[in-house]
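Dear colleague,

I am passing on the structure we spoke about, with the sequence alongside. Please look it over before reading my notes below.

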Amino acid sequence: MPKSLKAPDQAPLVETVVPGTSDRAWIANGYDEVRAILGDTRFSTTPPAETAEASRRLVQPGNLLQYDPPEHTRLRKMLTGEFTLRRVRTLEPLVEGIVEDRLDALEGAGQPVDLVGQFVWPTASLTGCAMLGIPRDDQTELTRHLDNNRLDNPDREQRDMAGTAYLVYLGKLMRQKRRDPGDDLLGRLIRDHGRSLTEAELTGTAATLLASLIPITGGTLGLGLVGLLENPDQLALLVERPELIDHAVEEVIRSVTIIPHASPRTAKEDVAIGDQVIKAGDFVACSLLEANGARPPGEPQDTLDITRENSGHMAFGHGLHYCLGASLARMELRAAISRLLRRFPKVRLAVPRDELRFTAKSVETLPVTW
């Protein structure tokens, strides 16, 4: 990773305390420091508690980001086969078909058109639901629950109710799939490993996967398109040189870094990071956003460069918890961006950039014309 991507105004490793406590904590901002911490198994992602049993009770069943080995190894191994490059290639026709259908709808909607509502979210939600075997009639309600459950929703009651409804629905779906698995990701998981998974683990795994396949991929696509549209020279270069699409996708992923911080870590023993020693029991927060030299949603990405060699970015994390669906996300973004620009090479913002409204991980609407 080029050193120029490190944020110059942030110290690479800052000592602080957990708000409201006297517990010592660290914030890692530097690329080298973040990479070292995420790659070191002496840091735990399991929520800390006074006893190991209490820690296990704090873990959300099925959420791989909260597990340490050996439980993490057990659960991740069950899912790995669904996200290999070979499996992802078999999904390309499905994704490309969804993208083309949405582009047809986009063209038929007239101009200007909201790229988020007509293209970004339908592409992400249809793809995610098809992969996991979510019945078509349930998809609208399910994605609404996901949207209402986002962390930046100011209505706490609505957020909690949506989160409960989301898990209740998926629990019911898992029971149905136990009886009739079907040929989808969740069905294969049940057929191959159902006997070794509890109901809570199955439901939690489905919840974690769907929350990654729809909001995270959709948010990255939406914010990535904002970045390209606000850098017309980069957009024009990609139209002129479509062979740059893989570089462009990596730059979009880096510049968006939609998960700003990695899951919190706790040091299991004293660990030296650079010239600092993180003591056993200290909390560590790793800023993927700072390490990647990215900017939060709403701030212009004035360093977007689709020719950048940036395969070392950490938008997908690093180490044990590296994103399982990274290859799938790349394939979806490649299909969506390349086919959008092939169909509408003159696409451009239909409103001034400062009129766009952003959430923590998305843009609300993206009016465009061509």
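What follows is an account of a sheet, two nonpolar cores and one loop residue.

Please bear in mind throughout that this is a predicted model.

I begin with the sheet, which is open and consists of five strands in the order β1-β2-β8-β5-β3, with mixed pairing. Its edges are formed by β1 (13-17) and β3 (43-44), each of which pairs on one side only. Within the sheet, β2 (residues 24-28) runs parallel to β8 (residues 283-286), the two being joined over four bridges, and A25 has F283 in β8 as its bridge partner. Helix α1 (residues 31-38) packs on this sheet, where it touches β1, β2, β3, β5 (265-267) and β8, and its direction makes about 125° with that of β8.

Turning to the interior, the largest nonpolar core has 79 residues, and those with the most contacts inside it are F119, L132, I134, I337 and L366. Helix α9 (residues 199-229) gives the most to this core, contributing 13 residues. If neighbours within four places in sequence are set aside, F119 is in contact with V99, R102, L103, L106, D114, L221, A336 and L340. There is also a second, separate core of 18 residues, which includes A28, I37, A262 and V284.

Finally, D354 lies in the loop between β9 (348-349) and β10 (358-359), and it counts as exposed because its relative accessibility is 68%, where the cut-off is over 50%. From R191, D354 is 163 residues away in sequence and 50 Å away in space, taken C-alpha to C-alpha.

With best wishes

Terms used:
Residues numbered from 1 in each chain as written. Predicted model: local features only at pLDDT ≥ 70, side-chain atom pairs only at ≥ 80, totals over all residues. Heavy atoms only, no water. Pairing = 2+ DSSP bridges. Contact = heavy atoms within 4.5 Å. Axes fitted to C-alpha atoms, helices over the stretch in contact; angles between N-to-C directions. Buried < 20%, exposed > 50% of the residue type's maximum accessible area, 1.4 Å probe, protein only. Core = buried A, V, L, I, M, F, W, Y, C linked by side-chain atoms within 4.5 Å.
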